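I set out to record what I looked up in one protein model. My entries concern strand pairing, a helix contact and internal cavities.

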Amino acid sequence: MMYAFLTIWLIFLRSLLTVRSETVCSSEDLTLNWNNIGKDDADSWNLCTDKPPGDAKLWPSVGNGHVATVVHSNTVYMNGLYNGNGTDSTRARIPAMTSLNVSKINLPYSKISYCLQLDKGIYVETYQGDHWTMELKIYAHRTMSRLLVTELTVQANGNHSRLSVSLDVKKGNDSVDIDFTSTPSGLNDTMYMHGLTKIAETPESGRTPVHVYYSRVPNSFVIGAGKTTTVKHTFLMAVGRYKDETKKFYIQGIEMKLNDTLESSHRNAWHEVWDAGRVDIYGNTYLSAVTYSSLYYIFSAMPTVEEKTWPFVGLSPADLAHDGYKGHIFWDQDTWMFTPILLLNSDLGRTIVNTRIRVLDSAKEYAKRTSFAGARFPWEGALSGFDVTPWFSGEYEDHVTGDVAQAFQQYIMLTHDTRILLHENMSDAIFAMADFWISRSSYDVMHDTYNIFDVMPPDEYHYPVNNSVYTNFLAQKSLLLPSYVCELTGCHVPPKYADVARRIKIPFDSSRQYHPEFDGYNTSITVKQADVILLGWPLEMNMSEEIRRNDLEIYAKVTPGGPAMSWGMFTIGWLEIGELDKANTTFYDQLKNRRDPFNIWTENADGSGTTNFITGMGGYLHSLIFGYAGVRFNKDSLSVNCSPFPDTSSYRLKDIDYIGNSIDVTCDDVSTKLTLVRGTGIVKVTLSTTGQTLDLKIGTPVCVPRQKLIITVTEVSETRMSTNIPPTTTTTAATTATTSIITTTTTTSVSSTVRDASCIMCQPILWTCFLSVLVVLSNVLI
């Protein structure tokens, strides 16, 4: 009897200790040693080849959000620099005055390698000869944002003949967009040119001045025979709107070159970007490199230094180094690139929403000029914020205004940044967009509904149509957004918004239990791209699994092609309903748009369309973060619901941002690990399968069996609204927060006895004492 009694208690004790090992896991170093990257990491971070791209459009780009260029091209583009009136507006080309081409080397060489170093944001071209090596580096300086840098370094060991290298500058023809004049620079070995764009976008925007300082490039250089030496030539090109500012950046670049901090400061700044938030893929170098390069090309099109003298206008479907779609800003920014970037780096998310707030007055004027109320964002925007769409679709694709409102809502949900609402015009924009949708809707007295007529949905094959389900649902969400704003700021919400919202027609076929794309749609009609299935994500319409499945299956049959984002959205949908095999298939379908060797994406799988299609990269990141990792958020919580990721061992969302906290999420086939990296105060984790809580301490991981986790933050002191503290503010006594993680799927692996992680070490001692007492009691009973 005694042995049976003890056996039962030992089994019970073992189960408790097993639970603890599953809910609390060992700490680990969450940083990457950038100065000593291992081979596996190097293969993920370096895109290298010994053969140059066969197509010139497949060379990689370098950029910093202000200036950018495609390697070995003859063109430089500057953010916000457009030429042409209205619908003729296009990115203005600046000749690449320091784009070097090594035209001739008098000595033989055995190898050339071409590498894009993603972690450093540097393109490196290496020539290997007998007893000498030459390296060409090209980068857009990450913090000295006006600078493009080209460095040519030769190392010789003294056992070589005379080495002569001839150089060409691939500046191309004169710009057709800018009238440049060259005048003396007043600086040694430096050239200067300046000019104005030829045609203003609008009378109000005027012609934009451009100033360029650049290094004089020699035709050749020589290293004498038998000379042991290292020779470095650094060529700078500074581009800006203001002469004094551009000259200042150029001179600072020279000073940094002289004190040997030019490259190191750039490299360190890129490492800070990567450390602020990224997605790591383990066990699959190919997917890891695709992921890093997708982030790189989007990051390189954005500034990480606050711009005070020249605005960041936004992300176009191609990056800043290309002129795809004339460099205009579409819904691509707000729907496809914004949300992944927001979750990984809320500061960059704020930069994107500010591109829309900047042109709010133009959006209001555009609505007025087209006989609507409120603010109407154009289908294509550029510097002025007015419509620059060169074709008729600009008249119909009003869903972009709803896409902007959706992005604003996501930003508020993830940051609770009431300062931007109260003091930086976001509230004004949200109310103005709601007013637009009221004026854009038509009331049907007979059916007591509001209709939205004559629109072009995301499926651009069909226009104009009535009651696009995507457009109408976005309009409904936009009309409900002012209520959420007033919850946070204490403002008054006019009842008209909710009244119109609940009456907007949302097309639905009750007999077949699916959403028709628009009035009159039938299931044999082919569509261009993901449209209705966007209702599930990113719009998060509340629908049953049956309806979600029907939407996916119906539209999968009639979506034969289109841009890569479609397959990313199908991937997310299939994962939501547990169709893992179908999700894995569509996940890989989107990668057909990727091109070797530098992971350049084209708009279409056959290589046609816009080059370096960062919209497609954004869709790919959606499929990782909001598909396989299952991230979702609303005004009260953020959730994670990891699914197994194909052909990998595990994956990590590094430093996702949520209301001032940064959390690492690591997923494998059986478990999810969460680590608080930075926090705003006291953070707690609650597991709903147990109803218990534990402290989540900075740097101490918590592991649970794979399941849905809901993260909530409860501010326990003054609200962000009253303190006006932005979401990235560090811990203060005035603002603390409690973060909870609630599991919504019951598993038998987690016991109801989960306790504070700080007591991990004391548990075995307590249970040993308790077991000793049980032994004594058993002996007494016997």
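The entries below follow the order in which I looked things up.

**Entry 1: status of the model**

I note at the outset that this is a predicted model.

**Entry 2: the three-stranded sheet**

I looked up the sheet that contains β13 and found three strands in the order β8-β13-β17, forming an open sheet with antiparallel pairing. The edges are β8 (100–105) and β17 (220–223), each of which pairs on one side only. From one strand to the next, the twist averages 25°.

I then went through the bridges. β8 is joined to β13 (residues 163–169) by five bridges, and the two strands run antiparallel. Lys104 has Ser166 in β13 as its bridge partner, and Ile105 has Val165. On the β17 side, I recorded four bridges between β13 and β17, again antiparallel. Val165 has a bridge partner here too, namely Phe221 in β17. Val165 is thus a bridge partner of Ile105 and of Phe221.

For reference, I add that strands of a sheet pair through backbone hydrogen bonds, either parallel or antiparallel.

**Entry 3: the four-stranded sheet**

Which order do the strands of the four-stranded open sheet take? I read it as β2-β3-β4-β7, with antiparallel pairing. β2 (61–63) and β7 (94–95) stand at the edges with a single partner strand each, so one side of each has no neighbour in the sheet. β4 (residues 75–78) is joined to β7 by two bridges, and these strands run antiparallel. Within this pair, Thr75 stands opposite Pro95 in β7.

**Entry 4: the partners of β18**

I next examined strand β18 (residues 228–240), which pairs with β12 in the antiparallel sense over 11 bridges. Leu148 has Met237 in β18 as its bridge partner. β18 is also joined to β16 (residues 209–215), by four bridges, and these two strands run antiparallel. Here Val212 stands opposite Val239 in β18.

**Entry 5: cavities**

How many cavities of 30 Å³ or more does the structure hold? I counted seven. The largest cavity contains about 110 Å³ of space. Its lining consists of 15 residues, of which Thr69, Thr98, Ser99, Ile138 and Thr150 are the closest to the centre.

I sorted the lining by class and obtained nine nonpolar residues, six polar and no charged. By element, β3 (67–70) and β12 (147–157) each supply at least two residues of the lining. β12 gives the most, with three residues. I had already met both strands: β3 belongs to the four-stranded sheet, and β12 pairs with β18.

**Entry 6: the α14 and α15 contact**

Two packed helices are described by the angle between their axes and the distance between the axes. I therefore looked up both values for α14 (residues 545–556) and α15 (residues 565–576): the angle is about 145°, and the axes lie 10 Å apart. The crossing of α14 past α15 is left-handed.

Which residues of α14 meet α15? I listed Arg548, Leu552, Glu553, Tyr555 and Ala556 from α14. Their counterparts in α15 are Phe570, Gly573, Trp574 and Glu576. By class, this contact has five nonpolar, one polar and three charged residues. The lining of the largest cavity, by contrast, has no charged residues.

Note on methods
Residues are numbered from 1 along each chain as its sequence is written. This is a predicted model: local features need pLDDT of at least 70, side-chain atom pairs count only at pLDDT 80 or more; totals for chains, interfaces and linings use all residues. Side-chain values use heavy atoms; hydrogens and water are left out. On a 1 Å grid over the protein atoms alone, a cavity is a set of points where a 1.4 Å probe fits but cannot get out, and a pocket is an open set with protein on both sides within 12 Å along at least five of seven lines; lining residues have an atom within 4 Å of a point. Grid points are joined across faces, edges and corners, and a volume is the space filled by probe spheres set on the points. Ala, Val, Leu, Ile, Met, Phe, Trp, Tyr, Cys and Pro count as nonpolar, Asp, Glu, Lys and Arg as charged, and the others, Gly among them, as polar. Two strands pair if DSSP finds at least two bridges between them. Axes are lines fitted to C-alpha atoms, for helices over the stretch in contact, and angles run from 0 to 180 degrees between N-to-C directions. A crossing is left-handed if the near helix is turned anticlockwise from the far one by less than a right angle, and right-handed if clockwise. Contact means heavy atoms within 4.5 Å.
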